[in-house]
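Subject: Structure handover and what was found in it

Dear colleague,

I am passing on the structure below, and after it you will find my notes. Please keep it open beside you as you read.

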Amino acid sequence: MRLLVVEDEARLGAALKRGLAAEGFAVDVVTDGRAGLEYARHGDYDAVVLDIMLPFVSGYTIVRTLREEGNWVPVLMLTAKDGEHDEADALDYGADDYLTKPFSYVVLLARLRALLRRGAPERPAVLEVGDLRLDPANREVTRGGEPVPLTPREFTVLEYLVRNPTRVVSKTELLDHVWDAAEETDPNAVEVYVGYLRRKLGREVIRTVRGVGYRLGS
Ligand code: CA
């Protein structure tokens, strides 16, 4: 198994190389984002350990670029709160998992092994159904290429439907996934937001399956 570590803190990079090599991995370490992107593109790695704050090109940009290019190498991001991003943003940008610094080496190894077992199935960062395009990282929706501004709640309702494009989603399920328990327990709230979405996107985008719930139209 061949690993790429992109980490600009020299001591951490060296420690990772030593530790992972001792586990039998072949490990390349690069210390800036530009080299990281080039190595990840051309190196045929089984997994990449990617720091976020890097010289030249950030870890976010690297993982996003790789996904846009159709490269699905498993990526474990090393995050540190930088005030600008939420740690979980790593997943929106196309990473498979993240660890917050400082992390335990044992946990890193376990997470890496889990990623390697999973392999590299296709998992696009931008979701597309028909002419609808939803970008979770940038919270952007377009239909037929036209941007459609949505409120955060509308976006989350639509995102859930787009992530389940081939089946009927019940109101209760939407309530469970979009509203937190304390907030809202009335299925009518779901109807209201589906109504807002239809007004913005077109009625045919979300179909009602009577007595069951909603599904995306095609
Ligand atoms: Ca860094």
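In sequence, the residues that donate to the calcium ion follow the spacing D-x42-D-x1-M. Please bear in mind throughout that this is a predicted model. The protein donors themselves are D8 and D51, each through OD, and M53 through O, and they lie 2.0 to 2.3 Å from the calcium ion. Of these donors I also looked at the accessibility of D51, which counts as buried because its relative accessibility is 5% and the cut-off for buried is under 20%.

Next come the aromatic rings, for which the count comes to two pairs. One of them is formed by Y60 and Y93, whose centres are 4.4 Å apart and whose planes make an angle of 35 degrees, so that the pair is classed as tilted. Y60 belongs to helix α3 (residues 59-68), while Y93 sits in the loop between α4 (89-92) and β5 (97-100), and the pair therefore ties together parts that are 33 residues apart in sequence. Y60 is buried at 6% relative accessibility, and Y93 is buried as well, with a relative accessible area of 14%.

The other pair, Y193 with Y196, is edge-to-face, with 5.2 Å from centre to centre and 85 degrees between the planes. Y193 and Y196 are both in helix α8 (residues 187-201), and because they are three residues apart there, about one helical turn separates them. Y196 counts as partly exposed, at 32% relative accessibility.

A further ring has a charged residue for company, since R34 lies over the face of F56, at 3.9 Å from the ring centre.

Turning to the strands, β1 (residues 2-6) and β2 (residues 26-30) pair in the parallel sense over five bridges, and within this pairing V5 of β1 stands opposite V29 in β2. Between β1 and β2 the chain passes through helix α1 (residues 10-22), and the resulting β-α-β crossover is right-handed.

Finally, helix α6 (residues 152-163) has 12 residues and reaches 16 Å from its first C-alpha to its last, which is close to the 16 Å expected at 1.5 Å a residue. Which residues of α6 are buried? They are E154, F155, V157, L158, E159, Y160, L161 and V162.

With best wishes

Technical notes:
Residues numbered from 1 in each chain as written. Predicted model: local features only at pLDDT ≥ 70, side-chain atom pairs only at ≥ 80, totals over all residues. Heavy atoms only, no water. Donors = N, O, S within 2.8 Å, 3.2 Å for Na, K, Ca; no water. Buried < 20%, exposed > 50% of the residue type's maximum accessible area, 1.4 Å probe, protein only. Phe/Tyr/Trp six-rings, centres within 6.5 Å; stacked < 30°, edge-to-face > 60°. Helix = DSSP H or I, 4+ residues; strand = E, 2+ residues; numbered from the N terminus. Lys NZ or Arg CZ within 6 Å of the ring centre and 35° of its normal. Pairing = 2+ DSSP bridges. Right-handed = clockwise from strand over helix to strand, strands pointing away. Expected span 1.5 Å × (residues − 1).
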